Amino acid sequence: MEDFKNQIERRRTFAIISHPDAGKTTLTEKFLLYGGAIQTAGSVKGKQTDKHAVSDWMDLEKQRGISITSSVLQFEYDGYCINILDTPGHQDFSEDTYRTLMAADSAVMVIDAAKGIEPQTRKLFKVCAMRDIPIFTFINKMDREARDPFDLLDELEHEFGIGTYAMNWPIGCGQNFKGVYDREARAVLSFGDSHRGRERIHGVDCDISDTEKLDAMIGERLRKELTEQVELLDGASFDFDLDAVRHGKLSPVFFGSALNNFGVEPFLAAFLKMTTSPLPRKAGDVTVDPFDEKFSAFVFKIQANMNKAHRDRIAFMRIASGKFERGKEYYHVQEDKSFRLSQPQQMMASEREVIDEAYAGDIIGVFDPGIFSIGDTVCEKGQKLKFQGIPVFAPEHFAMVEQVDSMKRKQFAKGMNQIAQEGAIQIFFEPNSGLERVVVGVVGVLQFEVLEYRIKNEYGCDLRRTDLPYQEIRFIKNPDLDPKTLKLSHDTKWVQDFRGKNLLIFTSEWAIRWVLEDNPGLELEEFNRGTEADAQ
Ligand code: G4P
């Protein structure tokens, strides 16, 4: 019993969010290095090593040399059992990236110190903010020319509407980067040439009041500047409030350099202390306590076609409570069926391994013969839980997709529906047009290629795709409005979802404003929030 509690208590499940190139992979690599999970930095997926977290899942993945799915890395550090959820960026950005965030209890946000907030950081932050999960900021690449740290904090506060609390403060940047000041210890951790290597190194501590030593370390000018900035910071910034951190209202900010291994381990150590063990989850009116002995989990992602010969899929589940045991019979609520998970898997760097047990906070992947849907609940027999569904995220790219061979109408419709059901694409209809022509919406453009590939290989149909210039989508809120009466320019298109609900798609945020101006009384509703309840 003690062990059971301890196992859950020591778990930390978080996602790393960033814009491509901010340093997410490098930071992850360093985390794994400290945990002893890898021997040398540079062996996590990366351009140089060409090793993907979990490879060979799809031919397409191989052709493109990218990893389509987000993977989970589990490793031990200082008594903690850490699950890092990767959120793929670049071209492989998709709804899965967002869904993965639903399985995390907190997020680490990596920001390039020269660039500040970038578009993908913004998108991912919004999804984290929907759940009020704690967000820890690592401002990376201080060894390069960087923006003013006050500016960076200001940007975070204004753009994201959260408070920030600098845990440490950078001393100079680029060629002049001398280290960081640790506000709690009131000491300077100096950055020297030795850090440019890749081993695990601890910095030199120097108390801020030791002027003489500091002058020798960082120079008088920087020492004076630091003293002024620290005064300013102590006087003007938010107070540290762990409760606010844990509710996603205050983001602790750390400065450092992942590549140079500087400030990363203090960040990890502080972050692990501040973040929480697995959080309770809502299942209707019930709040499921992770420490409840009864196992429960929800499916947050389905990866299709990992082994083409078997056409199998893997359903990724986040364990919400209790302990999972291999071979035990569990209950799939939505199908109302009991079943055994015979080959549960955990993903670790480049290999998958079969596991015998797992605890609340862990992610397991199970072979799925086609029975699971995103958001499904699995629990112990006799329980009837239903976790809150995974929201459907607003597509950001649209295309007209038509079948080419009219003889294959049935296969085409079946394929499109199944793929939509898996949550890989979203389908919309042009009012009064047939089923052989649909508007497909996706979060990441690669999903279009996956769609074409699968419709051809799994359903034997060819399709014609015409990309559309739309980027935004909103529900029409007015229940009695006939969209035919709307004044719409070519920047806007009216579509319906499979329930017949009316939506508008727009080429830009501007187009939304124009439509609202041209059609007084029209009310639009955000897509993300609007469908959250429907997704259950
Ligand atoms: P990502 O996963 O967020 O896309 O970023 P990744 O870690 O791959 O880092 C992107 C680039 O930034 C890499 O350089 C990486 O070495 C570099 N980088 C990461 N952290 C730091 C840092 O603290 N300081 C500096 N100066 N650079 C950093 P690259 O040239 O694109 O690739 P590589 O050949 O170095 O791997």
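**Helices 7 and 8 against a four-stranded sheet**

Helix 7 lies across strand 7, strand 9 and strand 10, and runs at about 135° to strand 10. Contact here means heavy atoms within 4.5 Å; angles run from 0 to 180 degrees between N-to-C directions, with axes taken as lines fitted to C-alpha atoms, for helices over the stretch in contact. Helices (H or I, at least four residues) and strands (E, at least two) are DSSP runs, numbered from the N terminus. The model is a predicted one, so to speak of local features takes a pLDDT of at least 70 and side-chain atom pairs count only at pLDDT 80 or more, while totals for chains, interfaces and linings use all residues. Residues are numbered from 1 along each chain as its sequence is written, and side-chain values use heavy atoms, with hydrogens and water left out.

Helix 8 also sits on strands: it lies across strand 7, strand 8 and strand 9, at about 150° to strand 7. As for the two helices themselves, helix 7 (residues 211-218) packs on helix 8 (residues 220-236) at an angle of about 120°, with the axes 7 Å apart. That makes helix 7 and helix 8 oblique to each other (under 35 degrees is roughly parallel, over 145 roughly antiparallel, 65 to 115 roughly perpendicular, and the rest oblique). Helix 7 brings Thr 211, Leu 214, Asp 215 and Ile 218 to the contact, and helix 8 brings Glu 220, Leu 222, Arg 223 and Leu 226.

The strands underneath belong to an open sheet of four, ordered 7-8-9-10, with antiparallel pairing; strands pair if DSSP finds at least two bridges between them. Strand 7 (168-171) and strand 10 (205-207) are the edges, each pairing on one side only. From one strand to the next, the twist averages 30°. Inside the sheet, strand 8 (residues 179-182) and strand 9 (residues 187-190) run antiparallel and are joined by four bridges, with Gly 179 opposite Ser 190.

Strand 6 (residues 163-166) pairs elsewhere: four bridges join it to strand 11 (residues 250-255), and the two run parallel. Ala 166 has Val 253 as its bridge partner. Gly 163 and Tyr 165 point one way from strand 6, Thr 164 and Ala 166 the other, and all are buried (under 20% relative accessible area with a 1.4 Å probe, protein chains only; exposed is over 50%, partly exposed in between).
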